[in-house]
Amino acid sequence: MSNERLLLVDDDKELCSLLTEYLSAEGYRVDSAYNAQQALEKLQSQSYSLMVLDIMMPGTTGLELLQQIRPRITLPVIMLTGRGDEIDRILGLEMGADDYLGKPCNPRELLARIRAVLRRMSPQAPVEGRLPEQPLVIGALSLNPATRDARVADQLLELTSAEFNVLAYLMQHAGQVLSKEQLTRWVLHRDLTAYDRAIDVHVSRVRQKLAPYFEQAGGESVEMIKTVRGQGYIFVYTADQVQG
Amino acid sequence: MWRFNTLFWKIFGTIWLISSLAMSSVFLVLASRDDQDRWRHLFETQFKDQALELIRDYEANGTSRNPVVEPDGSMIEQPFLWEMPDRLTRFYLTREERNRLERQRREERWRDDREGGRFPPPDHGYNPPPKPPIWLYQVDSTGVNINQITGHRRPAPLDAFALDLTSDSGQAYRLMVELPPPLRHKERFASYLFSIQMIMVMGVAAISALILSFMLIRPIRQLSEHVKQIYHQGDLSTRASRKLSQRRDELGELTREFDQMADYVERTLQSQQRLLQDVSHELRAPMARLQVSAGLAEQQLGEGSTLAQRINRECERLDGLIAEILSFSRLESAQKEGDRFAVKELFDELVSDLSFSQPERPVNVQIEPETLHLNLNRDLLARALRNGIGNALKYTPEDSLLELTARQQGGELLIRLRDHGEGISDDLLKELFTPFVRGTGGHGDGYGLGMSIARRAVERLGGTLKAENHPEGGLQLSVRLPV
């Protein structure tokens, strides 16, 4: 089937071997690393399509590992966090993880997330919500989905792929409310789950990154992405507002 | 402090009473001794010289010019000597008698001034001035009275005070005076009681009692404040102030013992929580493996296998339970303080979460004032409210209204979550916050920890969580938080 190579990083060797067995049966080639050091070595010697990273590891934690490899290594990362560790979760997403999953988790769920992340990395994105080939330009802000290049008045904007997609979809549908469900499906290629904050975190990261470029005289920023209570997010703009 | 049944007033009252009693009795003893001395001194100064003159007269003439007083106090002739001096009257006369005497003397003086004093006293109501109960005897060489020179005709009482005199010729005489009647004591005692000295005594006693009470009560109050802090704010790590625990007295000892007890309780609770946390945490690794194994079994049995589904379902239940226990035990170490956040944003988030699972549910949100912000651990409050909402969603019909209101009232924030379901029975209401107690009739499976977690979370924030059936139906949860 597919020859995609996954890297599992978890200190629980038995769990790794069970997951390897499970994911192999689904057609993935799986390597395991039991600590951050091994993970770094494997990442250097081999190229992977995706990494599943456990946050709770003795020694260098998953978060620290994530911090070390970003933004140098761009492979997608799904992190496993203890349940209820919302802070880890948010930190992980902020540090560039692409999605998260509570641990212990149903392997089927993990498989679904892996597939979703891989799917959105693949050139053949699903028809629904596909981004246009032409660059999106609104005022000083320009995004090129083909080259995944984001700029504000010619200054390069550093965005993770999820953040890029969030902004791109919002810009594409500027002036139109996009629900969290829609955004989750388009950006994360999966369905929204209960208490799911992934999209909110991505949106707030994008806001933070845009803020310094659009500061007004009073020190406040023009809020381009607005929250519509109970409905979702909307990119509001007037071309002269987005001057940069 | 100003309630009168407090220890402060009890101590104050007791000390004040005892010290004023002690001080006043000392004062009375001293005063009465002083009184006797004064009486004796008066007696000696007033009568000694006159008695000596009398004696000279007696020795020269063989008789006394002065008559003897009859037992009823009347005299044959008004003597010069035996009128009682004013300063002695208070020992022998009642206040009434003294007043009458005073009045009489004033009248006499007035008459003397107007008419030369040559008028005889009016018959009516005139009392002769009282005579002092004295006796003057001639004494032989052995000290025995042999001849009364003047004084009352009745014999001198045995306990009479005697003053021995010697005339120029060497003859011994004895001047005797009756001791003031004990009846007079009462009157004098009363006059002491209302004297300025006595008021000062009471005042001094009151001040010292006040100081002593303060000294005793202040550290006790401090200690009790400290205990309150431990108990009400759940802050087991606070210790008494150094000033209190370094006292060398019993209160210092009590404080130290108390701190040790708090230490002990803190350690015990901590180790219990550590254990709970460790156990649940350790359970998660095998749990994760179990789930993957179940996944593998499902893979091999085929997706539709009911057996695999069942195993999966139980795994998830178990996982959920462990997660709840963990989050319960983690509450204790959660921080009370947090970043400032808008209540409105939190409520929006909660509402969007609940409309995710029940999109049809009508929700009414009210925040007063709209811009309300809090500096608390947002996660704790969110968890408490989320659990409350989760319960409401689980146990009330999907089309019934849910009300979520927040209002600032003085120094506290009141958050109310009210559903319009059937409410719950009183028995269940009592046990609502007990871990692992579940209601009946709900859908979905819970672990009975939601409300315990909610309460614990609110308590960690220094607030209270109460549940009651609303008079107009439905269950109402009230969160009170200090702002």
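Where in chain B is the place of B:Met215? Look along helix H5 of chain B, which covers residues 196–232, and you'll find B:Met215 there. Keep in mind as you go that this is a predicted model. B:Met215 is an exposed residue, with a relative accessible area of 52%; it counts as exposed because that value is over 50%. It also has company: B:Ile207, B:Ile211, B:Leu212 and B:Leu216 join B:Met215 in a nonpolar patch on the surface. Together these residues offer about 470 Å² of accessible area.

Now step back and take in the chains as wholes, starting with chain A. Chain A has 244 residues, and 52% of them count as buried. Its make-up is eight helices and 12 strands. Take the contacts in chain A with a separation of 6 or more: 59% of them are between residues 24 or more positions apart. On the outside, chain A exposes about 11000 Å², with 47% of that supplied by carbon and sulfur atoms.

Chain B runs to 483 residues, and buried residues make up 38% of them. Here you can trace 12 helices and 12 strands. If you look at contacts in chain B between residues at least 6 apart in sequence, 68% join residues at least 24 apart. The accessible surface of chain B comes to about 28400 Å², and 54% of this belongs to carbon and sulfur atoms.

Next, go to the place where the chains touch. How many residues does the contact take from chain A, and how many from chain B? There are 27 from chain A and 29 from chain B. Between them, the two chains bury about 2500 Å², and carbon and sulfur atoms account for 52% of that area. Polar groups show up here too: six residue pairs are in polar contact across the interface of chain A and chain B, both residues being at pLDDT 80 or more. The count of salt bridges between the two chains is three. To see a salt bridge for yourself, find the side chains of B:Arg289 and A:Glu14, which meet at 3.9 Å, N to O.

Which elements give two or more residues to the side of chain A that touches chain B? They are helix H1 (13–25), helix H5 (107–121) and helix H7 (180–188) of chain A. H1(A) gives the largest share, at seven residues.

Finally, a few spots in the backbone are worth a visit. As background, most residues other than glycine have a negative phi, and most peptide bonds are trans. A:Ala153 has a positive phi of about 45° although it is not a glycine. You'll find A:Ala153 in the loop that links strand S8 (149–152) to strand S9 (155–156) of chain A. With a relative accessible area of 44%, A:Ala153 is partly exposed.

Over in chain B, B:Phe436 isn't a glycine either, yet its phi is positive, at about 65°. This residue sits in the loop between helix H11 (426–431) and helix H12 (450–460) of chain B. B:Phe436 is partly exposed, and its relative accessible area is 45%.

The last stop is a peptide bond. Going from B:Glu368 to B:Pro369, the bond is cis, with omega near -10°. To reach B:Pro369, follow chain B into the loop between strand S7 (363–368) and strand S8 (373–375).

Note on methods: Residues are numbered from 1 along each chain as its sequence is written. Chains are lettered from A and ligands numbered from 1 in the order in which they are written. This is a predicted model: local features need pLDDT of at least 70, side-chain atom pairs count only at pLDDT 80 or more; totals for chains, interfaces and linings use all residues. Side-chain values use heavy atoms; hydrogens and water are left out. Patches are made of residues with over 30% relative accessible area and no salt bridge: like charges are joined within 9 Å, nonpolar side chains (Val, Leu, Ile, Met, Phe, Trp, Tyr) within 5 Å. Accessible areas come from the Shrake-Rupley method with a 1.4 Å probe; for residues, only the protein chains shown count as cover. A salt bridge is a side-chain nitrogen of Lys or Arg within 4 Å of a carboxyl oxygen of Asp or Glu. Helices (H or I, at least four residues) and strands (E, at least two) are DSSP runs, numbered from the N terminus. Buried means under 20% relative accessible area, exposed over 50%, partly exposed in between (1.4 Å probe, protein chains only). Contact means heavy atoms within 4.5 Å. Buried area is the accessible area (1.4 Å probe) that two parts lose on being put together, summed over both. A polar contact is a pair of N or O atoms within 3.5 Å; within protein, one must be able to donate a hydrogen and the other to accept it, and residues adjacent in sequence count only if both atoms are side-chain atoms.
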